[in-house]
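User: Can you walk me through this one? I'd like the DNA side first, then some helix packing.

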There are 2 protein chains.
Amino acid sequence: MTTPLEKARKDPESMKARILAVARRIFGEYGFHGTTTRMIAQQVGIDISTLHYHWGGKKDLYEAVVVDINKDLGQKLIETEKVIHGLPLTERLDIAIDRMTDYLFANPDISNMILFRYFGKTRYEGNTDFSVPEFTADIARSMGLARDKKNVPPETMMKVLAVMNSIHAFIAGENFFCPMVKVDRERYIALVKETLKFVHIPAFTLNETR
Amino acid sequence: MTTPLEKARKDPESMKARILAVARRIFGEYGFHGTTTRMIAQQVGIDISTLHYHWGGKKDLYEAVVVDINKDLGQKLIETEKVIHGLPLTERLDIAIDRMTDYLFANPDISNMILFRYFGKTRYEGNTDFSVPEFTADIARSMGLARDKKNVPPETMMKVLAVMNSIHAFIAGENFFCPMVKVDRERYIALVKETLKFVHIPAFTLNETR
DNA sequence: TTACCTATCCATCAAATGATTGAATCGCAG
DNA sequence: CTGCGATTCAATCATTTGATGGATAGGTAA
């Protein structure tokens, strides 16, 4: 059995998929209440009723976006984990930061949406959540900071969160920070990687040798 | 001459001030579009028209909140700068993180609003901005990373941003992260300070001795 | 052809929302 | 007390916004 979302992911040219892709971007930029179904429909070039025909209501579409992003992020984390598996901690961090940064700069919707869920409230009784807790525990294990993904100590969770939050903040804040430090996009991306490594590699490697 | 905002800040019991205080909290929680003037009025316990009488439109109130928060944050940064002035870098970071964390946990509206401005767009042509660029440059100078607040190199700006973003993220994300690491509020605050120091102090002190 | 299903749009509705108007009400100087 | 400005509220308006119903076009099977 295939869910509507799976169907949409399979054929990126389908109307369902096109709507979903635009919804990801706009929900990420403006948040749930800042986005109107008309904005999405207009960007896709269709009527609002077509949007409702494919995805039901605004809330349903939003939930679908959350699930969609969850899948993409989870998949990328698994892929990254495979690449860095077995390497020494410093290298693991170095490679993971490079890869995740590149990926999220190419898909800023992910960082945008995650930060909106962290910090913002919505006025409706939404319940679908990002799998951030599991992802965080997974990363902790992948970084060698915990044996299994169950019972990761709070201190370790916080350290992993610090890394992920730093990345998301620089990605989602590009429009704000890029003009602020007066560099172009390419240089900004390089600066983000550099800064993330500058901040996080000493912390974790110092801890290792203590 | 006193602006309306200044008047409101002087007498915290005035209706203007009460509205402003509630607006800070709700705009911080729900963002601009997620907040309705009715929500604010209801929390204050007044009619919407009273809100309009004192503050004009929703946008005007929002802008007032931005300016208000800007003042508070700027003042706190100046105060912190005085306290840590002249101390060695490690101590400066230690004390500054403690004080800013405590302050922002007591005033989470500040972190909430700043993050909303970083990451989210609004559908109206707003222009009032936070003084984040100047603040960032000031902090860089205060930390001894730059001689004067003019011409702070991009690398330095990014490092300071990394610190500030980490703090804001943990403050604004309390409702999300606190249940996630399964600790109570008090323990969470302690964990935030600990994590911030764990991450940022090695980075900056290593850099100093290199 | 006919019947039917899918996908799309146009017109429209009902609720939410920002804003205004005019009528009370309050406080206080004279 | 009287008068008046400042403040507050109930009622209402105009627009936005999420959502729906019905019509239309296109394709497909019998």
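**DNA strand C and two helix pairs**

User: Which side chain has an N or O atom 2.8 Å from a base nitrogen of DNA strand C?
Analyst: B:R38. An N or O atom of its side chain is 2.8 Å from a base nitrogen of DNA strand C. Keep in mind that this is a predicted model.

User: Which elements give two or more residues to the surface near the strand?
Analyst: From chain A, α4 (48-55). From chain B, α3 (37-44) and α4 (48-55). The largest share comes from α4(A), with four residues.

User: What about phosphate contacts?
Analyst: A:T50 has a side-chain N or O atom 2.7 Å from a phosphate oxygen of DNA strand C. For the side chain of A:Y53, an N or O atom also lies 2.7 Å from a phosphate oxygen of the strand.

User: How many residues surround DNA strand C, and which are closest?
Analyst: 18 residues surround it. The closest are A:T50, A:Y53, A:H54, A:R123 and B:K58.

User: What classes are they?
Analyst: The surface near DNA strand C has ten polar, four nonpolar and four charged residues.

User: And how much of the strand's share is sugar or phosphate?
Analyst: Take the atoms of DNA strand C within 4 Å of the protein: 54% belong to sugar or phosphate. The rest belong to bases.

User: Switching topic. How do α2(A) and α3(A) cross?
Analyst: Helix α2 (residues 15-34) and helix α3 (residues 37-44) of chain A cross at roughly 140°. Their axes come within 9 Å. The two are therefore oblique to each other. The crossing is right-handed.

User: Which residues make that contact?
Analyst: On α3(A), A:M39, A:I40, A:Q43 and A:V44. On α2(A) the list includes A:I19, A:V22, A:I26, A:F27 and A:Y30. By class, the contact has ten nonpolar, two polar and two charged residues.

User: Now chain B. What angle do α5 and α7 pack at?
Analyst: About 120°, for helix α5 (residues 58-84) and helix α7 (residues 108-119) of chain B. Their axes are 10 Å apart. That angle makes α5(B) oblique to α7(B).

User: Is the crossing left-handed or right-handed?
Analyst: α5(B) passes α7(B) in a left-handed crossing.

User: Who meets whom there?
Analyst: α5(B) brings B:Y62, B:V65, B:V66, B:I69, B:D72 and B:L73. They meet B:D109, B:I110, B:M113, B:I114 and B:R117 of α7(B).

User: How many polar residues are in that contact?
Analyst: None. The contact of α5(B) with α7(B) has eight nonpolar, no polar and three charged residues.

Conventions:
Residues numbered from 1 in each chain as written. Chains lettered and ligands numbered in written order. Predicted model: local features only at pLDDT ≥ 70, side-chain atom pairs only at ≥ 80, totals over all residues. Heavy atoms only, no water. Near = heavy atom within 4 Å. Polar contact = N/O pair within 3.5 Å; in protein donor to acceptor, adjacent residues only side chain to side chain. Nonpolar A, V, L, I, M, F, W, Y, C, P; charged D, E, K, R; others polar. Axes fitted to C-alpha atoms, helices over the stretch in contact; angles between N-to-C directions. Parallel < 35°, antiparallel > 145°, perpendicular 65-115°, else oblique. Left-handed = near helix turned anticlockwise from the far one by under 90°. Contact = heavy atoms within 4.5 Å.
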